[in-house]
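Here are some comments on the charged side-chain pairs, set out point by point. Please read them with the structure open.

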Amino acid sequence: MNKKSQFLKNLFTAFLAQGISLLLSAFMSFVIPKFLGVKEYSYWQLFIFYSGYVGFFHFGFNDGVYLRLGGKKYEELDFKGLGTQVKIISVVEVLISLLIIVLTNFLVLNPERRIIWITTGIYLFLSNMTSCLGYIFQAVNLTKTFSVSVILDRISVLAFILLLLLRKQDSFEPFIITYAMSKAVALAYCIWKAKKIVFSKLANIHNTLADMWISFSVGIKLTIANIMSMLILGIGRWVIDNVWGIESFGKISLSLSLTNFFLVFIQQISMVLFPALRRVGDDKQKKIYNMVRIYLGLFLPIVFVSYFPLKFIVGWWLPQYSESLKYLGLLLPLCTFDGKMQMLCNTYLKVLRQEKRLLQINVCAFFISLCLCVFCGYGLNNINCVVASMVFSIAFRSIIAERFLAKEMGINIFRFMVQEIILVIIFVLNAWFVDELIAFGFTIIIYGIYLYINRKSIDLKQLMSIVKLK
């Protein structure tokens, strides 16, 4: 299969996987809170929150393998050596999972939080081993295989949750258990597809450990960078849980899950883009960066227009979460800043092997978020300021990363960046202080003016040539 058709096939499968993920996200955001009470839904969101951080416990191995194998072909892999590494890391993950479960039984007194921690411990093994094999598939451009595992995972979650809702289940515990069970389905599929790796004979342990150490040392910077990236928002959610309680945490989580709707496809494009970019020259990489950045900057802000219809629909369907919609107006700029960060900055910093720079940027943004959120939560006792601090920290990270990459690429993005920041500020003020109907019309006008100013930047022929990797 030629390079162009392989890329498009991978992209199509990735979009299909993320389309199903989008359906699941909609289901989890709109349907589950309709059947669960605010408190039960908040505990469900707390599990989703905790489970998002289990990736730290592969200690960089998955990311290191991903970076080291990126651009290779599956047939070129050392199945025996790689298989031994996978077996060793699986033992490590089992031990960590057991440790979490044992410590939970001794240290966590709240019964709801105890079941959440125990399930998180089980999920840790299932998720990290699935991602271990999935990262190998992605690195060697078998994105379709990884995407199918995502599809199986998401469909299983949907099926299990639908069954629970049909049985009128109103407790959060079965939902988090079935969430972990679905990851087991994905893991079984990955094991089957990677049987040459998983069921290979053991290699020399000394050589294997030495090679694993290289993967750990290469990947740990990227792993910590990813965890710090998540903690930029996570520290704010932690402060909200501790200061205002589990129900306020759930309401903020609903708004964050709504913003995630607009990011899921971008995440999948970046997954396909990494191995493809590793195979093209520097000039092509620069051209792709410039064009994709322009189109993201132009079309991501369309989420600001969608805010007002979305606010009406959610307010009608979930009136008990009307407070969440207020926060959504503050959180929606995450789509523009985090969207570019995930698709462009993260991807290109990995391609350029600038993991250290990515780590520095994320750590800096995390400490800004930590200081602001703690001060706003414990000092000012103002939840709106906490939410605004989370968004400011994400915006800061995106701007710094883009400035660094633009300098590396020799591209001037100052004018576009200023326009985007102005557009975000206008939207937030508009959504927060102006009557909804007037704000909706005004946002459409401002966005239309923004597109008109930058109309000469739109070149569909050039965009299609990039998509086809010509």
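The points below take up some of the salt bridges, their place in the chain and their burial.

1. The model is predicted. Over the whole structure, a search finds nine salt bridges. The points that follow treat some of these.

2. Arg293 and Glu420 form a salt bridge through their side chains, with an N to O distance of 3.1 Å. Arg293 sits in helix H12 (residues 282-299) and Glu420 in helix H18 (residues 414-433), so far along the chain that 127 residues separate them, and the pair links distant parts of the chain. Both Arg293 and Glu420 are buried.

3. Glu420 also meets Lys340 in a salt bridge, at 2.3 Å from N to O. This pair too links distant parts of the chain: Lys340 belongs to helix H15, Glu420 to helix H18, and they are 80 residues apart. Lys340 is buried, as is Glu420. Through shared partners, salt bridges join Arg293, Lys340, Glu402 and Glu420 into one network.

4. A further salt bridge runs between Arg397 and Asp338, whose closest N and O atoms are 2.5 Å apart. Because Arg397 lies in helix H17 (residues 383-409) and Asp338 in helix H15 (residues 334-351), the pair ties together parts that are 59 residues apart in sequence.

5. Are Arg397 and Asp338 buried or exposed? Buried means under 20% relative accessible area. Arg397 has a relative accessible area of 1%, so Arg397 is buried. Asp338 has 11%, so Asp338 is buried.

Methods:
Residues numbered from 1 in each chain as written. Predicted model: local features only at pLDDT ≥ 70, side-chain atom pairs only at ≥ 80, totals over all residues. Heavy atoms only, no water. Salt bridge = Lys/Arg side-chain N within 4 Å of Asp/Glu carboxyl O. Helix = DSSP H or I, 4+ residues; strand = E, 2+ residues; numbered from the N terminus. Buried < 20%, exposed > 50% of the residue type's maximum accessible area, 1.4 Å probe, protein only.
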